[in-house]
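Colleague: I should like to learn how to read backbone and burial features in a model of this kind. Could we work through them one at a time?

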Amino acid sequence: MKVATFNINNINRRLPNLLRWLQQAKPDIVALQELKAADNDFPRSAIERAGYRAVWHGQKTWNGVAILARKAEPVLIRNELPGDGSDRQARYIEAAVKGIIVTSLYLPNGNPQPGPKFDYKLKWFKRLNLHAAKLIRQEVPVVLAGDYNVAPTAFDIYLTRSWDKDALIQPKSRAAFKSLVAQGWTDAIRHLHPEKPMFTFWDYKRDRWRRDAGLRLDHLLVSPVLAPRLKKAGVDRMTRGQEGASDHAPAWIELR
(Lines give C-alpha, C1' and ligand atoms only; values in the text may rest on other atoms or scores of the structure.)
Protein backbone atom coordinates (compact mmCIF):
# COMPACT_ATOMS: atom_id res chain seq x y z
CA MET A 1 0.00 0.00 0.00
CA LYS A 2 1.39 3.38 -1.04
CA VAL A 3 0.43 6.46 0.99
CA ALA A 4 1.44 9.93 -0.18
CA THR A 5 1.16 13.53 0.93
CA PHE A 6 1.18 16.40 -1.55
CA ASN A 7 0.72 20.13 -1.02
CA ILE A 8 -0.86 20.82 -4.38
CA ASN A 9 -0.96 24.65 -3.97
CA ASN A 10 -4.31 25.22 -5.72
CA ILE A 11 -5.97 22.02 -6.89
CA ASN A 12 -7.81 23.50 -9.84
CA ARG A 13 -4.82 25.39 -11.19
CA ARG A 14 -2.56 22.34 -10.76
CA LEU A 15 -5.14 19.72 -11.73
CA PRO A 16 -3.24 18.56 -14.86
CA ASN A 17 -0.10 18.13 -12.74
CA LEU A 18 -2.01 16.19 -10.10
CA LEU A 19 -3.71 13.89 -12.60
CA ARG A 20 -0.43 13.21 -14.40
CA TRP A 21 1.24 12.28 -11.11
CA LEU A 22 -1.66 10.07 -10.02
CA GLN A 23 -1.45 8.18 -13.30
CA GLN A 24 2.31 7.74 -13.06
CA ALA A 25 2.78 7.06 -9.34
CA LYS A 26 -0.50 5.24 -8.65
CA PRO A 27 -0.62 5.92 -4.90
CA ASP A 28 -3.34 4.07 -3.02
CA ILE A 29 -4.02 6.95 -0.63
CA VAL A 30 -3.18 10.64 -1.07
CA ALA A 31 -3.34 13.46 1.47
CA LEU A 32 -3.65 16.82 -0.30
CA GLN A 33 -3.16 20.28 1.20
CA GLU A 34 -3.68 23.86 0.08
CA LEU A 35 -6.63 23.09 -2.16
CA LYS A 36 -7.42 26.82 -2.30
CA ALA A 37 -10.95 25.95 -3.37
CA ALA A 38 -14.35 26.05 -1.72
CA ASP A 39 -16.10 22.73 -1.15
CA ASN A 40 -18.29 23.06 -4.24
CA ASP A 41 -15.26 23.89 -6.41
CA PHE A 42 -13.42 20.64 -5.64
CA PRO A 43 -12.85 18.82 -8.97
CA ARG A 44 -14.62 15.65 -7.91
CA SER A 45 -15.52 14.42 -11.39
CA ALA A 46 -11.96 14.64 -12.68
CA ILE A 47 -10.63 12.89 -9.58
CA GLU A 48 -13.19 10.10 -9.94
CA ARG A 49 -12.40 9.63 -13.62
CA ALA A 50 -8.77 9.11 -12.55
CA GLY A 51 -9.93 6.21 -10.37
CA TYR A 52 -10.05 7.92 -6.98
CA ARG A 53 -12.76 8.68 -4.45
CA ALA A 54 -12.30 11.59 -2.09
CA VAL A 55 -13.33 13.36 1.07
CA TRP A 56 -12.39 17.01 1.45
CA HIS A 57 -12.75 20.15 3.50
CA GLY A 58 -12.31 23.14 1.25
CA GLN A 59 -11.87 26.83 1.83
CA LYS A 60 -12.05 29.62 -0.69
CA THR A 61 -8.71 31.26 -1.55
CA TRP A 62 -6.64 29.61 1.23
CA ASN A 63 -6.07 26.31 3.00
CA GLY A 64 -8.22 23.25 2.22
CA VAL A 65 -7.38 19.56 2.69
CA ALA A 66 -8.48 16.29 1.11
CA ILE A 67 -7.89 12.55 1.20
CA LEU A 68 -8.05 10.51 -2.00
CA ALA A 69 -8.35 6.72 -2.18
CA ARG A 70 -7.66 4.61 -5.24
CA LYS A 71 -10.48 2.18 -6.03
CA ALA A 72 -11.86 2.65 -2.52
CA GLU A 73 -14.22 4.92 -0.60
CA PRO A 74 -12.56 6.88 2.22
CA VAL A 75 -14.72 6.98 5.32
CA LEU A 76 -14.67 10.42 6.89
CA ILE A 77 -13.89 10.43 10.62
CA ARG A 78 -13.50 14.18 11.21
CA ASN A 79 -12.88 17.30 9.17
CA GLU A 80 -11.44 19.54 11.86
CA LEU A 81 -8.78 19.26 14.51
CA PRO A 82 -10.30 18.91 17.99
CA GLY A 83 -9.68 21.47 20.71
CA ASP A 84 -10.97 24.80 19.37
CA GLY A 85 -14.55 25.08 18.15
CA SER A 86 -13.94 28.66 16.99
CA ASP A 87 -11.20 27.70 14.49
CA ARG A 88 -12.71 27.90 11.02
CA GLN A 89 -9.55 27.35 8.97
CA ALA A 90 -9.74 24.19 6.82
CA ARG A 91 -6.49 22.55 7.90
CA TYR A 92 -7.32 19.01 9.02
CA ILE A 93 -9.20 15.98 7.79
CA GLU A 94 -9.07 12.36 8.94
CA ALA A 95 -10.47 9.24 7.27
CA ALA A 96 -10.38 5.46 7.42
CA VAL A 97 -9.08 3.91 4.20
CA LYS A 98 -8.25 0.29 3.51
CA GLY A 99 -7.89 -0.63 7.15
CA ILE A 100 -5.81 2.34 8.34
CA ILE A 101 -6.49 5.88 9.52
CA VAL A 102 -4.94 8.66 7.45
CA THR A 103 -4.86 12.39 8.06
CA SER A 104 -4.26 15.30 5.78
CA LEU A 105 -3.03 18.19 7.87
CA TYR A 106 -1.86 21.63 6.87
CA LEU A 107 -0.14 23.17 9.84
CA PRO A 108 -0.09 26.98 9.95
CA ASN A 109 2.91 28.68 8.40
CA GLY A 110 3.32 31.06 11.33
CA ASN A 111 4.94 34.01 9.58
CA PRO A 112 5.69 36.69 10.44
CA GLN A 113 7.12 35.78 13.79
CA PRO A 114 6.87 36.76 16.52
CA GLY A 115 3.24 37.71 16.35
CA PRO A 116 -0.35 36.40 16.26
CA LYS A 117 0.25 34.06 13.32
CA PHE A 118 3.15 32.37 15.08
CA ASP A 119 1.08 32.11 18.26
CA TYR A 120 -1.69 30.43 16.24
CA LYS A 121 0.84 28.00 14.77
CA LEU A 122 2.04 26.92 18.20
CA LYS A 123 -1.50 26.60 19.57
CA TRP A 124 -2.52 24.52 16.56
CA PHE A 125 0.56 22.34 17.05
CA LYS A 126 -0.39 21.81 20.70
CA ARG A 127 -3.88 20.69 19.66
CA LEU A 128 -2.36 18.32 17.10
CA ASN A 129 -0.06 16.80 19.70
CA LEU A 130 -2.95 16.23 22.10
CA HIS A 131 -5.03 14.54 19.41
CA ALA A 132 -2.07 12.48 18.20
CA ALA A 133 -1.46 11.25 21.74
CA LYS A 134 -5.04 9.96 21.87
CA LEU A 135 -4.49 8.06 18.62
CA ILE A 136 -1.35 6.49 20.08
CA ARG A 137 -3.26 5.36 23.17
CA GLN A 138 -5.95 3.79 21.01
CA GLU A 139 -3.29 1.55 19.43
CA VAL A 140 -4.70 1.92 15.92
CA PRO A 141 -2.79 2.00 12.60
CA VAL A 142 -2.39 5.68 11.69
CA VAL A 143 -0.44 7.78 9.21
CA LEU A 144 -0.25 11.45 10.21
CA ALA A 145 0.40 12.83 6.74
CA GLY A 146 0.63 16.42 5.68
CA ASP A 147 2.48 19.69 5.31
CA TYR A 148 3.73 20.45 8.82
CA ASN A 149 5.40 23.73 7.83
CA VAL A 150 8.40 22.69 9.94
CA ALA A 151 11.89 21.73 8.85
CA PRO A 152 12.65 19.59 11.92
CA THR A 153 16.45 20.01 12.00
CA ALA A 154 19.24 21.87 10.24
CA PHE A 155 19.64 18.79 8.03
CA ASP A 156 16.15 19.47 6.63
CA ILE A 157 17.08 22.78 5.00
CA TYR A 158 19.82 23.75 2.57
CA LEU A 159 22.88 25.53 3.92
CA THR A 160 21.76 29.12 4.37
CA ARG A 161 21.18 31.90 6.89
CA SER A 162 18.40 33.52 4.88
CA TRP A 163 15.63 31.60 6.71
CA ASP A 164 16.93 32.22 10.25
CA LYS A 165 13.95 34.36 11.26
CA ASP A 166 11.37 32.20 9.47
CA ALA A 167 8.69 30.41 11.51
CA LEU A 168 9.48 27.14 9.70
CA ILE A 169 12.76 26.65 11.54
CA GLN A 170 12.24 28.40 14.88
CA PRO A 171 13.25 26.48 18.02
CA LYS A 172 9.65 26.41 19.29
CA SER A 173 8.40 25.00 15.97
CA ARG A 174 11.08 22.33 15.97
CA ALA A 175 10.47 21.52 19.64
CA ALA A 176 6.76 20.97 18.96
CA PHE A 177 7.56 18.56 16.12
CA LYS A 178 10.14 16.75 18.25
CA SER A 179 7.60 16.42 21.06
CA LEU A 180 5.08 14.94 18.63
CA VAL A 181 7.49 12.33 17.28
CA ALA A 182 8.57 11.47 20.84
CA GLN A 183 5.08 10.15 21.55
CA GLY A 184 6.12 7.07 19.58
CA TRP A 185 5.57 8.14 15.96
CA THR A 186 8.07 7.12 13.28
CA ASP A 187 9.17 9.90 10.92
CA ALA A 188 9.12 7.54 7.94
CA ILE A 189 11.18 9.55 5.46
CA ARG A 190 13.94 10.32 7.93
CA HIS A 191 13.86 6.80 9.41
CA LEU A 192 14.52 5.19 6.03
CA HIS A 193 16.79 7.95 4.67
CA PRO A 194 18.92 9.05 7.63
CA GLU A 195 21.76 10.41 5.48
CA LYS A 196 19.86 12.29 2.75
CA PRO A 197 18.14 15.69 3.09
CA MET A 198 14.99 14.49 1.24
CA PHE A 199 13.66 18.00 0.50
CA THR A 200 9.96 18.33 -0.35
CA PHE A 201 9.65 22.11 -0.90
CA TRP A 202 11.50 24.58 -3.07
CA ASP A 203 10.34 28.20 -3.00
CA TYR A 204 9.56 29.78 -6.35
CA LYS A 205 11.86 32.70 -5.53
CA ARG A 206 15.59 33.05 -6.25
CA ASP A 207 15.84 30.05 -8.56
CA ARG A 208 15.71 27.71 -5.57
CA TRP A 209 14.51 24.66 -7.51
CA ARG A 210 17.38 24.74 -9.96
CA ARG A 211 19.85 25.27 -7.09
CA ASP A 212 18.23 22.49 -5.01
CA ALA A 213 17.76 25.02 -2.23
CA GLY A 214 14.98 23.07 -0.55
CA LEU A 215 13.38 22.25 2.78
CA ARG A 216 11.75 19.09 4.14
CA LEU A 217 8.33 20.30 5.28
CA ASP A 218 6.03 17.41 4.28
CA HIS A 219 6.05 14.45 6.62
CA LEU A 220 4.41 11.05 7.10
CA LEU A 221 4.44 9.96 10.73
CA VAL A 222 3.56 6.32 11.32
CA SER A 223 2.01 5.01 14.54
CA PRO A 224 3.70 2.21 16.52
CA VAL A 225 1.10 -0.32 15.38
CA LEU A 226 1.85 0.47 11.73
CA ALA A 227 5.61 1.02 11.94
CA PRO A 228 6.55 -2.67 11.46
CA ARG A 229 4.82 -2.56 8.06
CA LEU A 230 6.98 0.34 6.80
CA LYS A 231 8.81 -0.84 3.68
CA LYS A 232 9.89 2.14 1.55
CA ALA A 233 9.71 5.94 1.54
CA GLY A 234 10.63 8.64 -0.92
CA VAL A 235 9.96 11.98 -2.59
CA ASP A 236 8.84 12.35 -6.20
CA ARG A 237 11.19 15.28 -6.73
CA MET A 238 10.77 15.70 -10.46
CA THR A 239 7.10 16.55 -10.04
CA ARG A 240 8.37 19.90 -8.76
CA GLY A 241 10.26 20.52 -12.00
CA GLN A 242 7.25 20.25 -14.31
CA GLU A 243 5.62 23.21 -16.00
CA GLY A 244 3.06 24.87 -13.75
CA ALA A 245 4.14 22.77 -10.76
CA SER A 246 3.36 23.26 -7.10
CA ASP A 247 6.28 24.45 -5.01
CA HIS A 248 6.04 21.12 -3.13
CA ALA A 249 6.77 17.60 -4.34
CA PRO A 250 4.84 14.51 -3.19
CA ALA A 251 6.34 12.51 -0.34
CA TRP A 252 5.28 8.88 0.06
CA ILE A 253 5.65 5.64 1.94
CA GLU A 254 4.99 2.00 1.08
CA LEU A 255 3.50 -0.33 3.67
CA ARG A 256 3.56 -4.12 3.62
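Modeller: Let us begin with Lys-71, bearing in mind that this is a predicted model. Lys-71 is exposed, with a relative accessible area of 72%. The residue is found in the loop between S4 and strand S5 (75-78).

Colleague: What is the phi of Lys-71?

Modeller: The general idea is that most residues other than glycine have a negative phi. Lys-71 is not a glycine, yet its phi is positive, at about 55 degrees.

Colleague: Where is Lys-36 placed, and is Lys-36 buried or partly exposed?

Modeller: Lys-36 sits in the loop between S2 and H2. With a relative accessible area of 22%, Lys-36 is partly exposed, since buried means under 20%. Lys-36 also has a positive phi, of about 55 degrees, although it is not a glycine. A further positive phi, of about 50 degrees, is taken by Lys-26 just after H1.

Colleague: Which residues does a cis peptide bond join?

Modeller: In general, most peptide bonds are trans. Here a cis peptide bond joins Asn-111 and Pro-112, with omega about -5 degrees. Another cis peptide bond joins Gln-113 and Pro-114, with omega about 0 degrees. Pro-112 is placed in the loop between strand S7 (100-106) and helix H3 (116-138), and Pro-114 is likewise in the loop between S7 and H3.

Colleague: How should one read the burial pattern of a helix, and which residues of helix H1 are buried?

Modeller: An α-helix has 3.6 residues a turn, so residues three or four places apart point the same way. In helix H1 (residues 15-25) the buried residues are Leu-15, Asn-17, Leu-18, Trp-21, Leu-22 and Ala-25. These residues lie on the same side of H1 because they cover an arc of only 160 degrees around the axis. The exposed residues Gln-23 and Gln-24 are carried on the face turned away from that buried side.

Colleague: What covers the buried residues of H1?

Modeller: The cover includes strands S1 (2-7), S2 (29-33), S3 (52-57) and S4 (65-70), together with helix H2 (44-49).

Colleague: Which residues does Thr-186 touch?

Modeller: Thr-186 lies in strand S9 (residues 186-187) and is buried, with a relative accessible area of 18%. Leaving aside residues up to four places away in sequence, Thr-186 touches His-191, Leu-220, Leu-221, Val-222, Ala-227 and Leu-230.

Colleague: How many of the residues count as buried in the protein as a whole?

Modeller: Of the 256 residues, 56% count as buried.

Technical notes
Residues are numbered from 1 along each chain as its sequence is written. This is a predicted model: local features need pLDDT of at least 70, side-chain atom pairs count only at pLDDT 80 or more; totals for chains, interfaces and linings use all residues. Side-chain values use heavy atoms; hydrogens and water are left out. Buried means under 20% relative accessible area, exposed over 50%, partly exposed in between (1.4 Å probe, protein chains only). Helices (H or I, at least four residues) and strands (E, at least two) are DSSP runs, numbered from the N terminus. The arc is that of the directions from the helix axis to the C-beta atoms. Contact means heavy atoms within 4.5 Å.
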